[in-house]
Amino acid sequence: MIILSMGLLILDLMFTLAGDLPPPRRDADYPPAYALEFMQQPHRECVAETGVSEAAIKRFSDVEIFDDDEKLKCYMGCLFVKAGVSDVNGELHLGKVLELIPKEFEDIALKMGSRCLKPKGKTQCERAFWFNKCWKLADPVHYYLA
């Protein structure tokens with residue numbers, strides 16, 4: 001019970017400190033061009049389906065975590081489904097996510113994902129947001145939302 005309480009306290013602290021995140025890596029090599037290209041079609045489809053703004057996507061990816069945009073949350077869930085890593089119930093299959101990660105980024109993805117295994121949220125949109133928020137908190141330098 002004490003270990004569980006300490007784990008929850010640490011996770012709470014991570015979410016509280018979100019405002020003090022280091023800047024994301026954005027340069028000619030990162031995010032990788034092939035990853036952005038792979039996500040272009042799902043991105044277009046999910047923007048059209050959810051009505052999320054490009055500004056909201058960019059803000060969450062590169063600036064700050066915010067949770068007051070339901071369209072953004074559903075965009076995140078839509079990306080999971082379109083990329084084939086989530087079923088229609090919003091259950092993310094981490095094995096499928098890892099299959100999409102190139103070898104050179106596998107260690108980064110495993111470290112990021114190992115802290116984010118028990119999603120919270122009643123809806124697909126809420127759970128997708130939880131994963132993205134957790135990943136960004138776990139590794140704000142390498143996290144990006146396409």
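Is D62 buried or exposed? In this predicted model, D62 is buried, because its relative accessible area is 19% and the limit for that class is under 20%. Good morning, colleagues; I shall start from this residue and then turn to the core.

D62 meets R26 in a salt bridge between their side chains, with N to O at 2.8 Å. R26 lies in the loop between helix 1 (2-16) and helix 2 (33-38), whereas D62 belongs to helix 4, so that the pair links distant parts of the chain, 36 residues apart. R26 itself is partly exposed, with a relative accessible area of 31%. K58 joins these two residues in a network of salt bridges. By the rule applied here, the count of salt bridges comes to 9.

A further salt bridge is that of K82 with E45, whose closest N and O atoms are 3.3 Å apart. This pair also links distant parts of the chain, with K82 in helix 5 and E45 in helix 3, 37 residues apart. Both partners count as partly exposed, K82 at 34% relative accessibility and E45 at 29%.

Let us now turn to the interior. In soluble globular proteins, nonpolar side chains tend to be buried together. Here the largest nonpolar core has 32 residues, and F60, L72, Y75, M76, W135 and L145 have the most contacts inside it. Two or more residues come from each of helix 3 (40-50), helix 4 (54-63), helix 5 (70-82) and helix 8 (124-138). Helix 8 gives the most, with 8 residues.

Helix 8 deserves a moment of attention. Of its 15 residues, 13 are buried, so helix 8 is largely enclosed by the rest of the structure. At 1.5 Å a residue it should span 21 Å, and its end C-alpha atoms are indeed 21 Å apart. Within this helix, W135 is in contact with F80, L92, L94, M112, G113, C116 and Y143, leaving aside neighbours within four places in sequence.

Finally, the aromatic rings. The structure holds 9 aromatic pairs. One of them joins F80 and F131 edge-to-face, at 6.3 Å centre to centre and 75° between the planes. Since F80 lies in helix 5 and F131 in helix 8, the pair ties together parts that are 51 residues apart in sequence. Both rings belong to buried residues, F80 at 9% relative accessibility and F131 at 4%.

F60, F66, F129 and Y143 form one aromatic cluster. Charged side chains accompany two of its members: R59 lies over the face of F66, 3.7 Å from the ring centre, and the charged end of K136 sits over the ring of F60, 5.5 Å from its centre.

Terms used. Residues are numbered from 1 along each chain as its sequence is written. This is a predicted model: local features need pLDDT of at least 70, side-chain atom pairs count only at pLDDT 80 or more; totals for chains, interfaces and linings use all residues. Side-chain values use heavy atoms; hydrogens and water are left out. A nonpolar core is a set of buried Ala, Val, Leu, Ile, Met, Phe, Trp, Tyr and Cys residues joined through side-chain atoms within 4.5 Å. Buried means under 20% relative accessible area, exposed over 50%, partly exposed in between (1.4 Å probe, protein chains only). Helices (H or I, at least four residues) and strands (E, at least two) are DSSP runs, numbered from the N terminus. Contact means heavy atoms within 4.5 Å. The expected span of a helix is 1.5 Å times one less than its number of residues. Rings of Phe, Tyr and Trp (its six-membered ring) pair if their centres lie within 6.5 Å; planes under 30 degrees apart count as stacked, over 60 as edge-to-face and the rest as tilted. A charge sits over a ring if NZ of Lys or CZ of Arg is within 6 Å of the ring centre and within 35 degrees of the ring normal. A salt bridge is a side-chain nitrogen of Lys or Arg within 4 Å of a carboxyl oxygen of Asp or Glu.
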